[in-house]
Amino acid sequence: MSAAPAYSEDKGGSAGPGEPEYGHDPASGGIFSSDYKRHDDLKEMLDTNKDSLKLEAMKRIVAMIARGKNASDLFPAVVKNVACKNIEDPNQLIRASALRVLSSIRVPIIVPIMMLAIKEAASDMSPYVRKTAAHAIPKLYSLDSDQKDQLIEVIEKLLADKTTLVAGSVVMAFEEVCPERIDLIHKNYRKLCNLLIDVEEWGQVVIISMLTRYARTQFLSPTQNESLLEENAEKAFYGSDEDEAKGAGSEETAAAALPARKPYVMDPDHRLLLRNTKPLLQSRSAAVVMAVAQLYFHLAPKAEVGVIAKALVRLLRSHSEVQYVVLQNVATMSIKRRGMFEPYLKSFYIRSTDPTQIKILKLEVLTNLANETNIPTVLREFQTYIRSMDKDFVAATIQAIGRCATNIGRVRDTCLNGLVQLLSNRDELVVAESVVVIKKLLQMQPAQHGEIIKHLAKLTDNIQVPMARASILWLIGEYCEHVPRIAPDVLRKMAKSFTAEEDIVKLQVINLAAKLYLTNSKQTKLLTQYVLSLAKYDQNYDIRDRARFTRQLIVPSEQGGALSRHAKKLFLAPKPAPVLESSFKDRDHFQLGSLSHLLNAKATGYQELPDWPEEAPDPSVRNVEVPEWTKCSNREKRKEKEKPFYSDSEGESGPTESADSDPESESESDSKSSSESGSGESSSESDNEDQDEDEEKGRGSESEQSEEDGKRKTKKKVPEGKGEASSSDEGSDSSSSSSESEMTSESEEEQLEPASWRRKTPPSSKSAPATKEISLLDLEDFTPPSVQPVSPPAIVSTSLAADLEGLTLTDSTLVPSLLSPVSGVGRQELLHRVAGEGLAVDYTFSRQPFSGDPHMVSVHIHFSNSSDTPIKGLHVGTPKLPAGISIQEFPEIESLAPGESATAVMGINFCDSTQAANFQLCTQTRQFYVSIQPPVGELMAPVFMSENEFKKEQGKLMGMNEITEKLMLPDTCQSDHIVVQKVTATANLGRVPCGTSDEYRFAGRTLTGGSLVLLTLDARPAGAAQLTVNSEKMVIGTMLVKDVIQALTQ
Amino acid sequence: MSRTTSLPKRIKIHFMFFPAILSDSTTVLEFQFSCSIPAPLHSENDYFGVCSEPVIKDNVVVVYEVLEEMLDNGFPLATESNILKELIKPPTILRTVVNTITGSTNVGDQLPTGQLSVVPWRRTGVKYTNNEAYFDVIEEIDAIIDKSGSTITAEIQGVIDACVKLTGMPDLTLSFMNPRLLDDVSFHPCVRFKRWESERILSFIPPDGNFRLLSYHVSAQNLVAIPVYVKHNISFRDSSSLGRFEITVGPKQTMGKTIEGVTVTSQMPKGVLNMNLTPSQGTHTFDPVTKMLSWDVGKINPQKLPSLKGTMSLQAGASKPDENPTINLQFKIQQLAISGLKVNRLDMYGEKYKPFKGIKYMTKAGKFQVRT
């Protein structure tokens, strides 16, 4: 090109545009004119607007190629003509395909054309073309990395795109071209989070992994202050009122407060990410599930990571390739968060049909999950595996047994005995592996195992596997004082076969010889010298070196000997027992799910997962201003668009339909539906002041809109659920729709009217300082703490029940007698006065909804100090809980003076099981291990329903879900009142009105799962009765029947 | 699905595409993508009925075209078979003939609109004369039964496969009698997650044709009914070169349904040279090379339990094998979802016509193993 100007000018002068003269002969300048000259005229022809000239030029080019001439110079000009035309085609698919073709031509010379085409396509009106543009970016980048700056501009532009079709592809381009430019994400962060669910699966994966990295640089570690955080996370998740208020207070305040306040508060954006990715765990795509799982693992607070376990276990059902990757990741996770996978232990049991790699990975996971409680089952499983035909797998199993034995002291002897038995196995590999593992185990407590060492010594005659021989020799040398007679004999045998041994065995023979020489030189001097002489002439220089070194140390020559005095210390120093560790221990520094993690080595293109920052970067960078008018117009457009699809005006738009057409889909739909439901509600129902307030707030602070919308999503559920129920059912039972919504609304109301509560419950004089904030609803508050443990439902509680009713139920049709007595079982002892060194602790189940979390059983803990010194700093220590069970601790009680007592409320989520929650009760000086086991009746909350509804629900829960038992009601238990009281005292159920007089019906829902529990008592004349419980949770049903019968027949 | 039978070919396809992944990306994505490649190629009414080596050889061009559309510079582009089918027409005999004569290709003449429709997984303008929607609830029992017949682990995994041939843009809702049985679910992207969260109803605009609507796991708290038992007596005697082999299969908790399609397979230890067996029903084979015993039992008649008895000839002089073989079981029970899951109703909104609806239940053995 450099030589061209002169000629082209010249040409341009002689032949004007449209001049056909240089086209007269296709082969004209073929031989005589120089190459560049001819190419120039062709180029010019191709550049003109006239089709005839272009055609002519193309003909000549084809002719040239046909004669074998090199026409590659003309390539860009031709491409420009062919592709550019299509790039302007009215059909978007043609435009997209043209760009794909153009960008797939990997010839550097067309880079400028490609760049132009990409830029143009990036502002195309069709999202599909823009998507293709995003795909073309990494192609161009790999062709010519000098274009980076220009490409980043395009990426920046495309990142701002609001369609889901583009989002995934542009993030992919971002990751390929400029992953370090994290600042480009700030403004788009919230949009990406909100669009995520609508993006197609492959895009979701890329976005999620990018956002994981982003979050690691922009937010603070949620684990730095775990206990406080849990409280916070819980609230944010259930979107309680408080949180809403906080969120509405805009994040500038949060930002300002963050560095100042020490306790960790999760950035709302961080929460947004966690919340928006969670539903994707339900994706059908294994890649998406895995991506969310790694995001949670790297970003979520400890208490929330658990949700991914179930989804990951589900992936174990897919193809073995996917299984392999998932198991690798599970293995890494299970080291850090063992509790998470413990409930799924059995899903990792190995089948004989699994491929070996899968078997070994499952074994790894099983070993990681083994603990004090499940080790018997795990070992029993291992026992079956040892007999497998797959020998590699057997070897791995033996290793696993070794690891279990080191990790869990209780089973060490059992494992060791088992392994010793394996020494008589016919398969040499098994024996060898056992020897190696036994060696490691023996190192932990050699003194007790002289017999085993002797047994091993005998094996040297038979075992040929070098590693095993070496291990035995090392053991004998190390513990030669335990086997003083056998050791020299073994050395004798080994000296005999020395030359035939493998290198590692030879080294150990030298080692053994040296140790014996130092402890028992009388018997072994000659043997040692013989071995050392053999080693001196060995072919392997390592062995020669070792021999020379050893000789100098133990048999000092005249002039040396400075070290030899320390020889004994050198050789026979006590050695620390080896730690048998998982090979997955340190893998989590690679981002999970990445190829690098899979290979345990850095792959090209791997983006390092940064550590959390010390100080949170400014969160306001993510603020986006959304002008009001665009929102409105969008909203209207959207409504029109949706009409044809949704005949019911639910407002709950499906996840994806809106995706392509509407850029703002997520946040928009939410704000819309919330406003819809809000207005609908206020017309039909009267008590929704807070709802309206919210509305106003939403309108008021438009600049914060997008962030707030995210919040509202969870919050919104409550009023909606209510509205639906009241529209579909008879007006009388709006609260029966679902316990969850009921609970939440209740707790909301509680918070709305704290003043009235305070008025109604006179504060007790004694316990004032400790309980002021927590126990507004506490019944036991004002019964003196020394009173006998059983407190029958007192007058106070009934009045309280009435109050409660007034607060929770919008309809006044319910008769007060339908409400169950509020207090549950009487006081139970948690810590006896004597065991607690003066601190006595009781607990009661208050049957109040726990304000922080509707799934939690609220437990009132009563402390009384009968010692003569004040007890300080009462709090809950780190609980060690079974899977699923979680505890909301009570705030620390600073001090409890002698003779005083105090009450605190804590919430426990028992996960619908009667497993005990074990935790520590700590004072400043002591820790007490305590446990609370709930009676099955406390795991539920009453539900109010009509008779018809009850029958309908009961009809659905027949068969296996129905448990029926006959009983005889004693004479004391014939009256209505007593029966109802006894049943409701046993279980926290609500009475269902009933037409017939001899039938009693009760209904409730389990707190965590929300499964219905329906109880029917059919009393027949003469005391005979039949008790029926219908519940999906059969265990709960069975236990409930037992408890209720016991209560009734007592 | 013929997934297991086409496994070696799938791996071949993997090899074709692994070089396409240049830098570190998410591994599962790669694996999953490679697994999703054959899906459009071999599922029934997509490209080829079965994805076997000769079929791929014969249709290299089509395979190439499809892959080209699926992948752009190593990144998945369009994987929904609905869209792919519009871009590249599935081969038919007629079209092949026409193409050979006229020299045209399978690339569609008309431009597809699927990628750009409001519902990405459904094309617009679908028309059928008979509007039908069929749903198959298929549950698989994965279990390990130990030597004494007690269950070590058992779980139920289920799927709902749908075949929907409805005109226009129907909006369906499917509700269950007992949705709480479903412990862990994963959806086709068409299912509205929020509806499920709040009401436990599946609400969706279905893709056209066959698709998997839902896969689920039944909560582990529920006890799993094991519909069959296997009585076995397999003994290798140390001294003699003959071993005894006897298995009987019988129904256990079948809810009154017949167990069909029973197949028993077992990998025998290396020391077994041959087996001399007599089945009371069905046919059996033993491959002396792979040592695989398989017995095609068929239906189980509770009055006359099928059994397989006989002797094994063992390698002379070799010692008794360490392990007794595990027995793998396959079976089918029609008209039963073992978990008790029941579809309550299916409603359609958005279109005027009355579709024909059908629901079928089936229980199968998944990875069902009996240790001996």
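Here is a chat between a visitor and a guide about a predicted model.

Visitor: Let's start with the overall make-up of chain A. How many helices and strands does it have?

Guide: Chain A has 44 helices and 15 strands. Buried residues make up 55% of its 1050 residues. As for contacts with a separation of 6 or more, 67% of those in chain A are between residues 24 or more positions apart.

Visitor: Take Asp912(A). What makes it count as buried?

Guide: Its relative accessibility is 6%, and buried means under 20%, so Asp912(A) counts as buried.

Visitor: Where is Asp912(A), and what is its phi?

Guide: Look in the loop between strand 7 (901-909) and strand 8 (917-922) of chain A. The phi of Asp912(A) is near 55 degrees, a positive value in a residue other than glycine.

Visitor: Now Gln335(B). Why is it called partly exposed?

Guide: Partly exposed lies between the 20% and 50% cut-offs. Gln335(B) comes in at 46% relative accessibility, so it counts as partly exposed. It also has a positive phi, about 60 degrees, although it is not a glycine. You'll find Gln335(B) in the loop between strand 16 (327-334) and strand 17 (343-349) of chain B.

Visitor: Back to chain A. Why are helix 28 and helix 29 of chain A called oblique?

Guide: The axes of helix 28 (residues 486-497) and helix 29 (residues 503-519) of chain A come within 10 Å and cross at roughly 140 degrees. Roughly antiparallel needs an angle over 145, and 65 to 115 is roughly perpendicular. The crossing fits neither, so helix 28 of chain A is oblique to helix 29 of chain A. Helix 28 of chain A passes helix 29 of chain A in a left-handed crossing.

Visitor: Which residues meet there?

Guide: From helix 28 of chain A, Ala487(A), Pro488(A), Val490(A), Leu491(A) and Met494(A) meet Val505(A), Val509(A), Leu512(A), Ala513(A) and Leu516(A) of helix 29 of chain A. By class, that contact has 10 nonpolar, no polar and no charged residues.

Visitor: And helix 25 of chain A: how do you know that its length agrees with its residue count?

Guide: Helix 25 (residues 428-442) has 15 residues, which at 1.5 Å a residue should span 21 Å. The expected span uses one less than the number of residues. Its end C-alpha atoms are 21 Å apart, so the two agree.

Visitor: What makes helix 25 of chain A mostly covered?

Guide: Of its 15 residues, 12 are buried, among them Glu433(A) and Lys439(A). What covers the buried residues includes helix 23 (391-407), helix 24 (412-422), helix 26 (450-459) and helix 27 (466-478) of chain A.

Conventions. Residues numbered from 1 in each chain as written. Chains lettered and ligands numbered in written order. Predicted model: local features only at pLDDT ≥ 70, side-chain atom pairs only at ≥ 80, totals over all residues. Heavy atoms only, no water. Helix = DSSP H or I, 4+ residues; strand = E, 2+ residues; numbered from the N terminus. Buried < 20%, exposed > 50% of the residue type's maximum accessible area, 1.4 Å probe, protein only. Axes fitted to C-alpha atoms, helices over the stretch in contact; angles between N-to-C directions. Parallel < 35°, antiparallel > 145°, perpendicular 65-115°, else oblique. Left-handed = near helix turned anticlockwise from the far one by under 90°. Contact = heavy atoms within 4.5 Å. Nonpolar A, V, L, I, M, F, W, Y, C, P; charged D, E, K, R; others polar.
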